[in-house]
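Before the dialogue begins, please take a moment to look over the sequence and the structure. A learner and a teacher will then go through them together.

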Amino acid sequence: MPGLMHLRKKYGPSKPIKGARIAGCLHITIQTAHPRSCCSSTGKGWHSILCMESRGNEDYIWCVEQTLTFPDGNPPNMILDDGGDLSNLVHEKYPQFLEGIKGVSEETTTGVHNLYKMFKTGKLKVPTININGAVTKCKFDNLYGCRESLLDGIKRVTDIMHAGKVSLFGSFGDVGKRSTQSLRGFGYRVIITEVDPINALQAACEGYEVATMEDAVGRCTIFVTKLLVARTLSLENISPK
């Protein structure tokens with residue numbers, strides 16, 4: 001935040017990137033609203049459409065599509081993505097916009113993995129910045145930001161007492177290492193599932209139980225996975241036998 005405020009103060013009067021049209025597909029929070037305001041003040045045009053979480057997939061796709069036409073009728077020339085939905089939509093359904101798009105920034109691990117797949121198969125048609133790989137993202141947001149937002153989200157959704165609960169956490173990377181500390185601090189007993197042997201050994205050395213999904217799932221109340229990877233946790237895993 002302080003860095004963005006400094007950029008806004010320094011470059012606001014000169015507007016060095018005037019004319020940029022940014023389409024954004026990301027969660028609307030205080031943290032994302034501030035960059036939006038900063039971009040607007042330094043000369044960027046920004047187009048965002050709000051889609052409520054309760055809406056279905058069709059409504060969500062409709063909302064994403066609305067970001068592709070600015071009030072002046074022109075398409076975006078930059079994309080700010082979080083998860084790859086907007087990038088995928090443009091490549092698959094609106095390829096006529098690709099020529100005018102100068103670049104894409106992608107924040108999440110899931111979105112970056114998808115972009116790498118597109119690059120390897122020759123389907124990625126625009127320059128892309130891997131924000132998720134930036135040191136300030138993976139070594140600060142992943143380590144410290146997630147451990148604060150995780151419990152806040154769980155408390156808002158469940159409205160239950162947390163002390164004494166058993167939680168399953170899928171993976172023990174940068175996000176897992178700090179998020180599990182947060183769970184433990186609230187009195188959870190945490191079980192780790194991890195396919196990477198080094199991360200699994202680190203979890204064991206930290207005092208966590210390491211188990212397979214099949215072995216742990218019947219003992220847990222709260223399930224946390226950090227990646228939108230298919231079949232990490234399925235209804236088959238958590239359905240009563």
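What follows is a dialogue in which the learner asks how to read a feature and the teacher replies.

Q: What kind of model is this, and how many helices and strands does the protein chain have?
A: This is a predicted model, and its protein chain has ten helices and nine strands. Of the 241 residues in the protein chain, 38% are buried, and the accessible surface comes to about 14,600 Å², with 58% of that area belonging to carbon and sulfur atoms.

Q: How should I read a pair of aromatic rings, and why is the pair of Tyr94 and Phe97 called stacked?
A: Such a pair is described by the distance of the centres and the angle of the planes. A search of the whole structure finds three aromatic pairs. In the pair of Tyr94 and Phe97 the ring centres are 5.7 Å apart and the planes stand at 5 degrees, so this pair is stacked, given that planes under 30 degrees apart count as stacked. Tyr94 is buried at 19% relative accessibility, and Phe97 is buried as well, at 17%.

Q: Which ring does the charged end of Arg184 sit over?
A: The charged end of Arg184 sits over the ring of Tyr208, at 3.9 Å from the ring's centre.

Q: How many salt bridges does a search of the whole structure find, and which parts does the pair of Glu65 and Lys93 tie together?
A: The search finds seven salt bridges. In one of them the side chains of Glu65 and Lys93 meet, with 2.6 Å from N to O. Because Glu65 lies in helix H3 and Lys93 in helix H4, this pair ties together parts that are 28 residues apart in sequence. Glu65 counts as buried at 15% relative accessibility, whereas Lys93 is partly exposed at 49%.

Q: Which residues of helix H3 are buried, and what do they pack against?
A: The buried residues of helix H3, which spans residues 57-66, are Cys63, Val64 and Glu65, and the buried residues of H3 pack against strand E1 (21-25) and helix H4 (85-93).

Q: Where in the chain are Lys139 and Asp174, which form another salt bridge?
A: The closest N and O atoms of Lys139 and Asp174 are 3.4 Å apart. Their pair links distant parts of the chain, with Lys139 in helix H6 and Asp174 in helix H7 (residues 174-185), 35 residues apart. Lys139 is partly exposed at 41% relative accessibility, and Asp174 is partly exposed at 26%.

Q: Which residues are joined into one network by salt bridges that share partners?
A: Asp215 forms a salt bridge with Arg219, whose closest N and O atoms are 3.1 Å apart, and salt bridges that share partners join Arg189, Glu209, Asp215 and Arg219 into one network.

Q: Is Ser105 buried or exposed, and which residues does it touch?
A: Ser105, which lies in strand E4 (residues 103-106), is buried, with a relative accessible area of 14%. Not counting residues up to four places away in sequence, Ser105 touches Ile79, Leu80, Asp81, Ile129 and Ile131.

Q: Where does Thr108 lie, and how many residues separate Thr108 from Asn132 in sequence?
A: Thr108 lies in the loop between E4 and helix H5 (109-120). Thr108 and Asn132 are 24 residues apart in sequence and 5.5 Å apart in space, C-alpha to C-alpha.

Q: Which residues form a nonpolar patch on the surface?
A: Val135, Phe140 and Tyr144 form the patch, with about 300 Å² of accessible area together. Val135 is placed in helix H6 (residues 135-158) and counts as exposed at 55% relative accessibility.

How values were computed
Residues are numbered from 1 along each chain as its sequence is written. This is a predicted model: local features need pLDDT of at least 70, side-chain atom pairs count only at pLDDT 80 or more; totals for chains, interfaces and linings use all residues. Side-chain values use heavy atoms; hydrogens and water are left out. Rings of Phe, Tyr and Trp (its six-membered ring) pair if their centres lie within 6.5 Å; planes under 30 degrees apart count as stacked, over 60 as edge-to-face and the rest as tilted. Buried means under 20% relative accessible area, exposed over 50%, partly exposed in between (1.4 Å probe, protein chains only). A charge sits over a ring if NZ of Lys or CZ of Arg is within 6 Å of the ring centre and within 35 degrees of the ring normal. Patches are made of residues with over 30% relative accessible area and no salt bridge: like charges are joined within 9 Å, nonpolar side chains (Val, Leu, Ile, Met, Phe, Trp, Tyr) within 5 Å. Accessible areas come from the Shrake-Rupley method with a 1.4 Å probe; for residues, only the protein chains shown count as cover. A salt bridge is a side-chain nitrogen of Lys or Arg within 4 Å of a carboxyl oxygen of Asp or Glu. Helices (H or I, at least four residues) and strands (E, at least two) are DSSP runs, numbered from the N terminus. Contact means heavy atoms within 4.5 Å.
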